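User: I'm new to this one and would like to learn how to read it. Could you take me through a few features, one at a time?

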Amino acid sequence: MAKYLNDFQFVVGVSGGTKAVLHSANRVLSERHNDGSLSMLTVDFSNAFNLVDRSTLLHEVRLRCPSISLWVEFLYGQAARLYLGDTHIWSFTGVQQGDPLGPLLFAFMLHLLLHNIRDNCKLLLYAWYLDDGTLIGDSEEVAKALDIIKAIGPKLGLQLNINKTELFWPSSDGRKLREGLFAVGIGWPSLGVKLLGGAVSRDASFISNLAIKRDEGAVNLMRLLPQFSDPQSELLLLRSCMGIAKLFFGLRTCQPVHMEDAALLFDNGLCRTIEDIVVCGGPFFGDLFPYPFALVVWVYTRQ
């Protein structure tokens, strides 16, 4: 299935897919930013997992992956009962979030749309991370791809979320501004776009501010740990899902020179959190570490 999907889809069977998409988009931007004929479109669908058409999904599973078709039909061949307090509603569409097969089943559905775009549009970059699409190419071709998404997507249960769909490129030859070429309501950011948690931009302040905002969220989450009143649990949570990995993603997806302020912010927040866990805010804790605290914790977590 990875072989069938990996031409455009960077989730199922692909390691480090987010970083691959981000690096590819930034490389094209760096090499062709002066080409005013190009546009970059970031696509998002509304509540995509819950709305895909199940009849088409089951047909694709029988065709592409018959070995699991009976199991998938057992899971999705009839409506599911969803409980809301003392009442319930019936779910007739979508795949269940949390289902280990969910990403694969959704990718089957989306691939029908992706092949249609591939066969009718010539694009420089065409990459998807489940329902988050990144399209770069001539503005006319990008607009054609958007029309295909709007025409075919609803038949598969994929409704374009126009409020989260954005069009970006730092230069313009005027064609992309032509009335009617792109749908009304699409965002037109001027400095860059946020993509899969990272930045696609050549503007240093945009990249730095996005990294700082990301790290502020991680630091604010760390500050909630004392509510557990259990140092061991706090440390385990910090190491597994709130710690240095949050910073590493930014370091791996943008130039480190733009990460300096974000790294300092994260370093100070992590130091305060460890201090609260280890010595409950007592004295002399910071004097033990002559190196940046995040580096010390990273070395410790690798042991």
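**Reading the model step by step**

Analyst: Happy to. Let's start with a single residue: Arg214 has a relative accessibility of 32%, so it counts as partly exposed. That label covers the range between buried, under 20%, and exposed, over 50%. Keep in mind that this is a predicted model.

User: Where does Arg214 lie, and which residues gather with it in a patch?

Analyst: Arg214 is part of helix α8, which covers residues 204-222. On the surface, Arg214 joins Lys194, Lys213 and Lys246 in a patch of positive charge. For a patch, like charges are joined within 9 Å.

User: Stay with that helix for a moment. Is Ser208 buried or exposed?

Analyst: Ser208 is in helix α8 too, and its relative accessibility is 13%, so it counts as buried. You can also ask how far apart two residues are in space when they are separated along the chain. Ser208 and Cys254 are 46 residues apart along the chain, and their C-alpha atoms are separated by 9.4 Å.

User: What is the separation between Val52 and Ile244?

Analyst: Those two are 192 residues apart along the chain, with 36 Å between their C-alpha atoms. Val52 sits in the loop between α3 and α4 (54-64). A loop residue can still be covered, and here is a case: Val52 has a relative accessible area of 0%, so it is buried.

User: Now the whole protein. How many helices and strands does it have, and what share of its residues is buried?

Analyst: There are twelve helices and eight strands. The protein has 303 residues, and 45% of them count as buried. To picture the overall extent, imagine a box along the principal axes: the C-alpha atoms fill roughly 65 × 55 × 35 Å.

User: How should I read a strand, say β1? Which strands does β1 pair with?

Analyst: Look at its partners, then at its two sides. β1 runs antiparallel to β5, and six bridges join them. β1 also pairs with β6 (residues 166-168), again in the antiparallel sense, over three bridges. Leu41 lets you see both pairings: its bridge partner in β5 is Leu135, and in β6 it stands opposite Leu167.

User: And the two sides of β1? Which residues point which way?

Analyst: Leu38, Met40 and Thr42 point one way, while Ser39, Leu41 and Val43 point the other way. Both sets are buried, which fits the count for β1: six of its six residues are buried.

User: Last topic, backbone angles. Which residues besides glycine have a positive phi?

Analyst: Two to look up are Asn47 and Leu130. Asn47 has a phi near 50 degrees, a positive value in a residue other than glycine. Leu130 is not a glycine either, yet its phi is positive at about 55 degrees.

User: Where are these two placed, and are they buried or partly exposed?

Analyst: Each is in a loop. Asn47 lies between β1 (38-43) and α3 (48-51), and its relative accessible area of 45% is why it counts as partly exposed. Leu130 is in the loop between β4 (125-129) and β5 (132-138), and at 13% relative accessibility it counts as buried.

Conventions: Residues numbered from 1 in each chain as written. Predicted model: local features only at pLDDT ≥ 70, side-chain atom pairs only at ≥ 80, totals over all residues. Heavy atoms only, no water. Patch = residues over 30% accessible without salt bridge, like charges linked within 9 Å, V, L, I, M, F, W, Y side chains within 5 Å. Areas by Shrake-Rupley, 256 points an atom, 1.4 Å probe, with all protein chains shown as cover. Salt bridge = Lys/Arg side-chain N within 4 Å of Asp/Glu carboxyl O. Lys, Arg positive; Asp, Glu negative; His and termini not counted. Charge placed at Lys NZ, Arg CZ, Asp CG, Glu CD. Helix = DSSP H or I, 4+ residues; strand = E, 2+ residues; numbered from the N terminus. Buried < 20%, exposed > 50% of the residue type's maximum accessible area, 1.4 Å probe, protein only. Pairing = 2+ DSSP bridges.
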